[in-house]
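Student: I am new to this structure. Please take one part of it, look at it closely, and then tie it to the rest in one connected answer.

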Amino acid sequence: TIFWSKTMADSRFVTMNNGVQHPLIGFGTYKIGFVPASSNTAGVAGHAPDQDPKDIIKAAITTGYRYIDCAQFYGNEKMVGQALAECGVPRAELFLVSKVWGDKIYEGGAAIRQQLETTLADLGTDYLDSYLVHWPVPGNHVAAYQTLEALLDEGKVRSIGVSNYTIEDYQALAAVMRIKPVINQIEINPFLYRRNTIEFFQKEGVVLQSYRALRQGKAMDHPLIVAIAAKHARTPAQVLGRWCVQKGIVVVAKSARLERMRENMGIFDFALSPEDEAALDALTTPDSLQEFKQLYDKCIIRDTPLGPDVVPSAYTID
């Protein structure tokens with residue numbers, strides 16, 4: 001078992017623009033113990049009904065995951081906090097990230113502050129390693145980020161970042177921000193490889209975290225991925241994870257099964273060839289980019305009173 005340590009400087013970490021090391025793989029808690037009503041896949045549970053969600057989180061930590069990815073929207077931070085309290089790993093060894101959801105972003109600074117207090121109490125901690133704006137709610141996300149800057153000044157959080165930001169969202173923020181975000185968490189995998197966006201954020205010194213890095217298990221039988229996996233005597237999931245970390249992108253992996261948790265971590269002792277990487281890079285289609293656009297347009301106003309008229313008409317999707 002690999003145990004993370006925040007002081008261990010090696011290829012299992014990427015350094016954020018505040019000098020802090022961020023583990024290159026983390027465990028995602030979405031749909032563990034709770035499925036949000038406004039989820040895109042509200043009818044699909046994240047694990048078997050007989051599994052105790054707390055045990056899933058504890059198994060991930062025992063397996064060696066130290067970056068735990070949480071969010072207000074996931075509706076399960078209290079359960080995650082109970083698992084953290086029982087896991088036996090000191091808080092200082094964990095890297096806890098949470099995100100504030102669109103409803104609170106829309107409501108404004110006081111609501112965001114109250115939500116952070118709820119998140120801290122639920123997770124059983126007095127600080128977060130990073131706190132993110134979950135979606136760039138039009139007309140509201142810049143002010144929300146400025147609230148996060150104040151929370152950072154006050155020591156409630158150790159770093160701040162964003163999630164699902166386009167280049168244009170970031171530019172709106174950059175015009176007024178005092179403190180650069182350390183993270184932008186977006187969907188990244190070979191089927192949604194938005195090269196211009198990724199290059200932009202990496203040049204800005206913003207670490208990218210990838211959700212759906214493993215495509216929610218949907219791409220495991222793709223012939224190219226199967227072939228590359230066979231060539232390296234690895235699994236398709238390991239190929240997808242390796243593709244991300246080889247680009248310096250953090251993988252948020254999620255599985256309710258212990259053997260999969262272990263498998264997903266096995267991405268640091270092999271490398272994809274330049275040919276492998278180029279072939280995987282080429283899997284993104286125009287349809288995939290349009291699907292991303294439809295999801296973005298929906299999610300930036302989800303659970304707010306805002307209508308489609310506030311959705312930006314043009315922005316960089318690739």
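Tutor: Asp303 is partly exposed, because its relative accessible area is 39%, which falls between the 20% limit for buried and the 50% limit for exposed. Keep in mind that this is a predicted model. Asp303 sits in the segment after helix 12. Its backbone deserves a look. Most residues other than glycine have a negative phi. Asp303 has a positive phi, near 65°. Lys31 also has a positive phi without being a glycine, at about 70°. Lys31 belongs to the loop that runs between strand 3 (25-28) and helix 1 (53-63). How accessible is Lys31, buried or exposed? Lys31 counts as buried, because its relative accessibility is 6%, under the 20% limit.

Now step back from Asp303 into helix 12. This helix covers residues 286-299. Pro286 is part of helix 12. Pro286 is exposed, because 63% relative accessible area is over the 50% limit. Its C-alpha lies 23 Å from that of Val226, and the two are 60 residues apart in sequence.

Helix 12 also leads us to an enclosed space. Rolling a probe the size of a water molecule over the atoms shows where empty space is left. How many cavities of 30 Å³ or more does the structure hold? It holds one. The volume of the largest cavity is about 40 Å³. Which element gives the most to its lining? Helix 12 does, with three residues. The lining includes Phe292, Leu295 and Tyr296. Trp135, Asn164, Glu187, Leu192, Arg194 and Tyr211 line the cavity too. By class, six of the lining residues are nonpolar, one is polar and two are charged.

Next come the nonpolar cores. The largest one has 84 residues. Phe27, Tyr65, Ile68 and Tyr131 have the most contacts inside this core. Helix 9 (residues 236-245) gives the most to it, with five residues. Another core, of 17 residues, lies apart from the largest one. Phe292 is among its members, as are Ala71, Ile300 and Val311. Phe292 is thus a residue to note twice: it belongs to this other core, and it lines the cavity.

Go back to Tyr131 in the largest core. Neighbours within four places in sequence are set aside here. Tyr131 is then in contact with twelve residues, among them Ser98, Ile112, Leu116, Leu148 and Ile160. Ser98 gives a link to Thr119. Beyond its own close sequence neighbours, Thr119 touches Ser98, along with Glu77 and Leu128. Thr119 lies in helix 4 (residues 109-123). Thr119 counts as buried, because its relative accessibility is 0%.

One stop remains, at Asp281. This residue is found in helix 11 (residues 274-281). Asp281 is buried or exposed, which? It counts as buried, because its relative accessibility is 13%, under the 20% limit. Not counting residues up to four places away in sequence, Asp281 touches Pro190, Tyr193, Arg195, Trp243 and Lys247. With Lys247 there is also a side-chain to side-chain polar contact, at 3.0 Å. Arg260 is 21 residues from Asp281 in sequence, and their C-alpha atoms are 24 Å apart.

Methods. Residues numbered from 1 in each chain as written. Predicted model: local features only at pLDDT ≥ 70, side-chain atom pairs only at ≥ 80, totals over all residues. Heavy atoms only, no water. Helix = DSSP H or I, 4+ residues; strand = E, 2+ residues; numbered from the N terminus. Buried < 20%, exposed > 50% of the residue type's maximum accessible area, 1.4 Å probe, protein only. Contact = heavy atoms within 4.5 Å. Polar contact = N/O pair within 3.5 Å; in protein donor to acceptor, adjacent residues only side chain to side chain. 1 Å grid on protein atoms, 1.4 Å probe; cavity = no way out; pocket = protein on both sides within 12 Å on 5 of 7 lines; lining within 4 Å. Points joined across faces, edges and corners; volume = space filled by probe spheres on them. Nonpolar A, V, L, I, M, F, W, Y, C, P; charged D, E, K, R; others polar. Core = buried A, V, L, I, M, F, W, Y, C linked by side-chain atoms within 4.5 Å.
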